[in-house]
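Welcome! Please take a look at the sequence and the structure below, and then let us walk through some of the features together.

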Amino acid sequence: MVCRKIVTLFIFAGTVLAGMSLPGIVPPAGALTFEENREVALEITRLFRSARAVISKHQKHINDPNESDKGLSPEKVIEEAKVNYKTVSGKEFRLEAGTTLKGLGQLAMLNAIREVMTNAQPLINERGRGFKGFLPAVFARLVADSFNRLMKRRAYIKLTAPRRYIRNRSNRPDKWEHNVIENSFKNAEYIKDKPFMEEARHRGRAAFRLMIPEYYNKTCLGCHGEPRGERDITGGKKEGGKLGELGGAISFAIYN
Ligand code: HEC
């Protein structure tokens, strides 16, 4: 009797734990075509950028030292991210079944956003503190770390930049990313905003890889602009970047 109770308890704990990780039967690695991989990569990066845009939009609010509850809960950020997603894609965000890589990736991205925003609550709601260092790029790095952990080496996301513009070493481009940035994105003939994709290796494994270029706009230049070397509000050194210049890139990989 006691024994059965213990077994039941274990099954219950196991179910709870399983519920916290990602459910579903994932298609075997390498099962997707180039086109299907492209679709998954574009979907997940779109969701990622839509969520980051929520942080940009609320930056002033986040930096406000007077208000303690910013109302920027995990669910609020996700709700606004879905609105941004619709604006850029023209369609409603629709969560696919967790049995597909797309569904699994969507869920991992939503859970990564939830995790980061849950952990950020004490910081962003801290009274009496203005600038808190909670920036879109920081949010993006934390979400990427969480996503990569949740995807358990099935897929990978990262915000990177041209080598000489890198602030946080963990965002440094790898060799493939560096080549895409220097040889394609910086090529005058390269079509603006166009994603670059290729079968290539990532961390020693064969993968479908995709990169999306991003450019400095006016709001970026307060930190990344001129004069080069001057300290910005974060205490970091400005890069000397110019309006419209390539400032970074989103990198995505799906392992074969
Ligand atoms: C308030 C200052 C500030 C503003 C405004 C800002 N950034 Fe940043 N940016 C930073 C800091 C600080 C980091 C390092 C973040 C980290 O620790 O990962 C960073 C990191 C990045 C990175 C990741 C690569 C790296 O250098 O580590 C990219 C790409 C980037 N910023 C692009 C942009 C773009 C594009 C904009 C405008 C849309 C922008 N930033 C606006 C301060 C800023």
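## Two helices that cross

In this predicted model, helix α2 (residues 34–57) and helix α6 (residues 136–150) are a good place to begin. Their axes come within 9 Å and cross at roughly 140°, and the crossing of α2 past α6 is right-handed.

Which residues make the contact? From α2 come Ile44, Phe48, Ala51, Arg52, Ile55 and Ser56, while α6 brings Pro136, Phe139, Ala140, Val143, Ala144 and Phe147. Sorted by character, the residues of this contact are 10 nonpolar, 1 polar and 1 charged.

## The largest pocket

Next, have a look at the largest pocket, which holds about 1200 Å³ of space. Its lining is made up of 36 residues, and those nearest the centre are Arg52, Pro136, Ala137, Cys220 and His224. Two of these names may sound familiar: Arg52 and Pro136 also take part in the contact between α2 and α6.

Which elements give two or more residues to the lining? They are α2, α6, β1 (155–160), β3 (205–215), α8 and β4 (246–255). The lining as a whole divides into 17 nonpolar, 12 polar and 7 charged residues.

## The iron atom and its protein donor

His224, one of the residues nearest the centre of the largest pocket, has another part to play here. The iron atom of the ligand has a single donor from the protein, and this is the NE2 atom of His224, 2.0 Å away. To find His224 in the chain, look in helix α8 (residues 218–224).

## Two backbone details

Most residues other than glycine have a negative phi, and most peptide bonds are trans. With that in mind, two places in the backbone invite a second look.

One is Arg153, which is not a glycine and yet has a positive phi of about 60°. You will find Arg153 in the loop between α6 and β1. The other is the peptide bond joining Glu226 and Pro227, which is cis, with omega at about -5°. Pro227 sits in the loop between α8 and β4, and both α8 and β4 are among the elements that give two or more residues to the lining of the largest pocket.

Technical notes. Residues are numbered from 1 along each chain as its sequence is written. This is a predicted model: local features need pLDDT of at least 70, side-chain atom pairs count only at pLDDT 80 or more; totals for chains, interfaces and linings use all residues. Side-chain values use heavy atoms; hydrogens and water are left out. Axes are lines fitted to C-alpha atoms, for helices over the stretch in contact, and angles run from 0 to 180 degrees between N-to-C directions. Helices (H or I, at least four residues) and strands (E, at least two) are DSSP runs, numbered from the N terminus. A crossing is left-handed if the near helix is turned anticlockwise from the far one by less than a right angle, and right-handed if clockwise. Contact means heavy atoms within 4.5 Å. Ala, Val, Leu, Ile, Met, Phe, Trp, Tyr, Cys and Pro count as nonpolar, Asp, Glu, Lys and Arg as charged, and the others, Gly among them, as polar. Donors are N, O and S atoms within 2.8 Å of the metal (3.2 Å for Na, K and Ca); water is not among the atoms, so sites may look incomplete. On a 1 Å grid over the protein atoms alone, a cavity is a set of points where a 1.4 Å probe fits but cannot get out, and a pocket is an open set with protein on both sides within 12 Å along at least five of seven lines; lining residues have an atom within 4 Å of a point. Grid points are joined across faces, edges and corners, and a volume is the space filled by probe spheres set on the points.
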